[in-house]
Protein chains: 4
Amino acid sequence: MNTKRKGENMEENELVLLTNLEHGDSYLVKVVKGTARVEGLGVLDFDKLAELNHGDVYQIASSRFFISKPTLSQSIDSLERKAQVINQKDIPLILYHGDISNARLVVEGGAGSGFLSCAMATAIKSPGRIITYEIREDFARFARKNLERLGLGEVCDIKIGDITRGIEETDVDTVVVDIPNPQDCAAHAHKALRPGGVFISYVPNMNQIEACVQAMKDAGFRNISTLETLQRNIVVTDGGTRPDFSMLGHTGYITMGYKIG
Amino acid sequence: MNTKRKGENMEENELVLLTNLEHGDSYLVKVVKGTARVEGLGVLDFDKLAELNHGDVYQIASSRFFISKPTLSQSIDSLERKAQVINQKDIPLILYHGDISNARLVVEGGAGSGFLSCAMATAIKSPGRIITYEIREDFARFARKNLERLGLGEVCDIKIGDITRGIEETDVDTVVVDIPNPQDCAAHAHKALRPGGVFISYVPNMNQIEACVQAMKDAGFRNISTLETLQRNIVVTDGGTRPDFSMLGHTGYITMGYKIG
Amino acid sequence: MNTKRKGENMEENELVLLTNLEHGDSYLVKVVKGTARVEGLGVLDFDKLAELNHGDVYQIASSRFFISKPTLSQSIDSLERKAQVINQKDIPLILYHGDISNARLVVEGGAGSGFLSCAMATAIKSPGRIITYEIREDFARFARKNLERLGLGEVCDIKIGDITRGIEETDVDTVVVDIPNPQDCAAHAHKALRPGGVFISYVPNMNQIEACVQAMKDAGFRNISTLETLQRNIVVTDGGTRPDFSMLGHTGYITMGYKIG
Amino acid sequence: MNTKRKGENMEENELVLLTNLEHGDSYLVKVVKGTARVEGLGVLDFDKLAELNHGDVYQIASSRFFISKPTLSQSIDSLERKAQVINQKDIPLILYHGDISNARLVVEGGAGSGFLSCAMATAIKSPGRIITYEIREDFARFARKNLERLGLGEVCDIKIGDITRGIEETDVDTVVVDIPNPQDCAAHAHKALRPGGVFISYVPNMNQIEACVQAMKDAGFRNISTLETLQRNIVVTDGGTRPDFSMLGHTGYITMGYKIG
């Protein structure tokens with residue numbers, strides 16, 4: 001069941017979202033035994049929390065928090081970030097065009113803070129797996145921590161390695177790279193992919209697109225396309241609806257191509 | 001396995017993508033017995049096709065077609081459309097913010113041509129289910145045909161009904177509506193959702209956002225936000241990279257809110 | 001002549017732009033006699049400056065400043081701002097669609113900080129005039145100061161008055177309003193305009209557009225249109241060209257219509 | 001006066017706008033003697049038209065046309081186009097950042113269909129002049145025809161010549177080029193410009209921006225910036241306000257820099 005039934009308690013190690021009923025701020029919390037410090041919330045009495053259920057209100061000092069199962073975007077929002085992260089306006093497009101839901105094996109190049117790894121590990125269906133190459137041990141460790149925080153450590157394996165040196169896996173459905181030189185990975189990706197498999201790169205500069213597209217063509221990819229997305233919030237107030245004055249002007253370009261022919 | 005091994009043949013009723021190796025045009029084809037007409041390709045000899053495998057080339061007259069497993073976006077692209085469809089720049093955002101991968105039960109209002117139904121049915125994990133309310137029998141029939149074409153008929157149940165009259169399901173993870181009057185569904189959605197569940201509406205007009213957001217507030221939804229997305233292709237030619245002159249100026253606004261408190 | 005010839009000195013009260021040759025920061029300075037304090041530059045010895053000419057370098061302490069005639073956008077950039085100002089991405093469109101270059105008489109509603117008044121007073125040709133209605137004395141005073149700073153006080157007359165109560169002028173080429181309730185001015189504008197004259201409003205909210213367009217239709221305006229503009233800088237570095245991450249998400253919508261019929 | 005007074009007739013060779021009172025379509029017409037064919041309107045009886053005045057209605061068959069003085073944008077809209085033209089969303093920005101209103105001498109590279117020439121010739125104040133270099137005689141002829149149509153032939157001189165070979169003029173306020181290789185003109189422009197003068201290029205590709213910016217830096221330009229603009233119409237109908245589905249995805253990038261130092 002989605003939610004606990006009457007009489008059922010929270011499970012140990014379960015992730016719950018605590019949303020401040022006054023301000024709407026949310027905190028992702030793992031249910032443990034005893035007491036523990038949670039950043040932004042102070043020391044929580046988890047034994048008390050464990051007696052409650054989804055839909056209940058948990059009181060911390062004078063603040064009231066609503067307990068619920070977090071959605072993917074709420075979970076991602078709550079992760080710690082170290083490296084530059086892939087924006088949440090781009091993650092959905094990579095999941096979609098990378099066809100992660102249908103994949104059995106996805107290879108990722110560049111773990112960053114692990115945000116995309118977490119999203120892909122959530123979208124992929126059992127027994128699908130994500131293999132992530134990361135050259136920096138500190139990034140790998142950080143990304144693994146985020147994956148484990150969301151209980152996704154089994155699905156995504158972050159290994160230390162340089163994806164521009166080669167891809168060990170074969171029969172791969174999708175290769176996604178968030179590295180500065182995706183062109184150095186295109187031929188490896190083509191070799192590793194299944195027939196019809198997708199290669200996706202995410203880069204901020206036009207020059208990187210050019211180098212990547214050329215390498216993709218040289219490697220044999222077809223139906224190559226690049227897209228950029230602008231996303232804007234709409235502010236709705238009584239009698240005054242307008243786009244938000246604040247907006248991100250640019251993140252990265254998503255380039256994709258298929259192993260066809 | 002993702003792809004057929006040596007010696008394995010195509011399965012009956014399997015969906016394959018045939019991509020013209022010269023032009024890159026793709027056709028989604030269901031492997032049947034004997035011969036059958038496929039729109040855009042003429043009459044195909046499926047017995048000959050069935051002897052081939054993913055990665056092979058299938059010749060029709062003088063055209064050569066590459067055989068591969070279609071991705072979700074390739075499948076959606078190949079569907080027939082009747083009603084106005086949700087754009088492929090917006091579907092990924094609805095899948096993501098609606099947390100369809102993690103859902104057990106999703107209720108959809110308005111089937112249209114079934115594009116979003118197909119995408120959600122692909123993203124949701126077994127034993128998750130999509131229940132779609134559609135008031136028009138002809139749209140329901142059309143959407144069902146598209147679902148069945150992609151082999152997703154078991155996952156998504158399209159029933160004739162008006163979602164603004166009430167939602168029968170309970171403990172629902174996500175309610176997504178693509179109807180002109182989402183405000184008339186907000187209270188029903190709030191009642192049907194699990195604690196923390198998400199309500200998403202997709203409408204083209206600012207006035208519809210306003211009415212919907214007000215109804216969502218009245219119904220008790222929290223952390224309500226609305227976003228719009230602009231997507232543009234980048235054309236990469238030798239020494240001449242630029243955004244595409246052609247671009248869609250607008251599709252729909254995505255409004256979302258959570259059943260919190 | 002555009003620039004001073006050899007032997008010519010700077011004129012008193014002439015406006016010059018001093019651009020820091022190291023950082024590129026610019027300061028608009030009026031050439032006076034003796035010494036005076038200039039914000040951001042400290043106390044300047046104008047007698048020394050007056051001996052120099054456009055194209056010369058003026059040294060202040062260890063900083064070197066290039067002397068030139070300011071362009072309109074450089075002048076506007078250097079003005080002080082009090083109220084919310086019309087963005088420099090929108091001013092050009094108002095000048096253009098308001099046909100200020102060809103106008104003899106322009107009526108403006110809402111002076112704000114006087115930025116648009118300054119731009120229109122620069123674009124209009126002699127003996128054209130701008131009449132600006134401003135209900136707040138403090139805004140009027142502030143805008144007048146900016147106009148006088150740019151030597152445009154003769155061209156634009158800011159008077160205290162509520163443009164929604166009526167427009168005294170007749171045979172007006174263009175009426176431009178930057179007020180919260182342009183709808184209350186549409187009928188007055190229609191009466192004041194010459195045949196074929198343009199009414200332009202600048203508002204941030206969709207609801208204001210709706211009210212304004214309805215009032216414009218009711219007043220008899222034709223060929224009504226509304227446009228919004230997004231502007232983004234492109235960052236060009238060696239081998240790394242991309243849109244700026246920073247961008248303004250929204251300013252105002254420009255609605256225009258013609259007194260035709 | 002802006003408009004004819006009672007008793008005054010239309011002047012010979014005067015340009016008037018005839019707007020269809022039913023559909024809103026507009027036609028720019030030069031008042032001649034006798035009858036003449038006007039594209040889209042058929043043969044007009046100008047003697048009859050000449051007896052009317054701005055604000056009057058002129059009947060052609062069963063269609064009624066409103067007579068008014070055209071605005072700049074209405075005039076530009078009515079011009080014939082041969083080469084690719086600079087978009088009306090970009091012309092205002094070039095006029096503004098090129099400070100055409102304040103200029104005495106502007107040099108343009110690439111006449112195209114003469115749209116920008118016409119707009120600059122309208123914005124510049126007497127006795128300012130535009131000198132346009134155009135390598136193709138057919139484009140020059142076409143642009144001249146458009147300038148003369150708007151009565152601007154005296155202000156803008158289109159001469160056959162390659163602006164990348166050198167600029168004869170000196171003490172130029174602004175150099176604007178709409179050519180594929182603006183980089184080849186940057187040093188010439190720097191030499192021709194007055195101190196503080198502006199160089200503006202308009203190109204569709206990122207690669208062209210890069211080459212141009214590099215050449216501008218090499219030539220000594222400062223405070224170089226590049227901007228792109230997206231413009232979208234807003235459709236306002238009763239209770240249904242939304243951005244237009246149709247939109248131009250890209251036109252050209254505007255790069256500017258100053259002769260400072």
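**Reading contacts between chains**

Me: The backbone oxygen of A:Lys69 lies 3.4 Å from a polar atom in the side chain of B:Arg194. Where in chain B is B:Arg194 placed?

Reply: Before we start, keep in mind that this is a predicted model. B:Arg194 sits in strand S11 of chain B, which covers residues 193-203.

Me: Is B:Arg194 buried or exposed?

Reply: To judge this, look at the relative accessible area: a residue counts as buried when the value is under 20%. B:Arg194 has a relative accessible area of 2%, so it is buried.

Me: Which side chain of chain B does B:Arg194 join in a polar contact?

Reply: Its partner is B:Asp173: the two side chains are joined by a polar contact of 2.8 Å. The side chain of B:Arg194 thus has a polar partner in chain B, as well as the backbone oxygen of A:Lys69 across in chain A.

Me: Let's step back to the whole interface. How many residues does the contact take from chain B and from chain A?

Reply: The contact takes 74 residues from chain B and 74 residues from chain A. There is another way to describe an interface. Its size is often given as the accessible area lost when the parts come together. Here chain B and chain A bury about 5800 Å² between them, and carbon and sulfur atoms account for 53% of that.

Me: How many salt bridges are counted between chain B and chain A?

Reply: The count is 4. You can look at A:Glu228 and B:Arg232, which form a salt bridge with their closest N and O atoms 2.6 Å apart. Polar contacts are counted too: 22 residue pairs between chain B and chain A. On chain B's side of this contact, S12(B) gives the most, with 13 residues. The residues on that side divide into 28 nonpolar, 28 polar and 18 charged.

Me: What rotation superposes chain B on chain A?

Reply: To relate two copies, ask what turn and what shift along the axis bring one onto the other. Here a rotation of 180 degrees with 0.0 Å of shift along its axis does it, with an RMSD of 0.0 Å. That is the relation of a two-fold axis. The same surface serves both copies, since 100% of the contact residues of chain B recur in chain A.

Me: And chain C? What area is buried between chain B and chain C?

Reply: About 400 Å², with 42% of it from carbon and sulfur atoms. This contact takes 6 residues from chain B and 5 residues from chain C. B:Met206, B:Asn207 and B:Glu210 supply 69% of the area that chain B buries against chain C, more than any other three residues.

Me: How many salt bridges and polar contacts belong to chain B and chain C?

Reply: The rule finds 0 salt bridges across this interface, while 2 residue pairs are in polar contact. On the side of chain B that touches chain C, helix H7 (206-219) and strand S12 (222-237) each supply at least two residues. H7(B) gives the most, with 3 residues. That side of chain B divides into 3 nonpolar, 1 polar and 2 charged residues.

Me: Last one, on helices. How many of the residues of helix H4 of chain B are buried?

Reply: Go along the helix and check each residue. In helix H4 (residues 115-123) of chain B, 9 of the 9 residues are buried, so the helix is largely enclosed by the rest of the structure. Among them are B:Phe115, B:Leu116, B:Cys118 and B:Met120. The polar-sounding names B:Ser117 and B:Thr122 are buried as well.

Key. Residues numbered from 1 in each chain as written. Chains lettered and ligands numbered in written order. Predicted model: local features only at pLDDT ≥ 70, side-chain atom pairs only at ≥ 80, totals over all residues. Heavy atoms only, no water. Buried < 20%, exposed > 50% of the residue type's maximum accessible area, 1.4 Å probe, protein only. Helix = DSSP H or I, 4+ residues; strand = E, 2+ residues; numbered from the N terminus. Least-squares fit on C-alpha atoms with pLDDT ≥ 70 in both. Contact = heavy atoms within 4.5 Å. Buried area = accessible area lost by both parts, 1.4 Å probe. Salt bridge = Lys/Arg side-chain N within 4 Å of Asp/Glu carboxyl O. Polar contact = N/O pair within 3.5 Å; in protein donor to acceptor, adjacent residues only side chain to side chain. Nonpolar A, V, L, I, M, F, W, Y, C, P; charged D, E, K, R; others polar.
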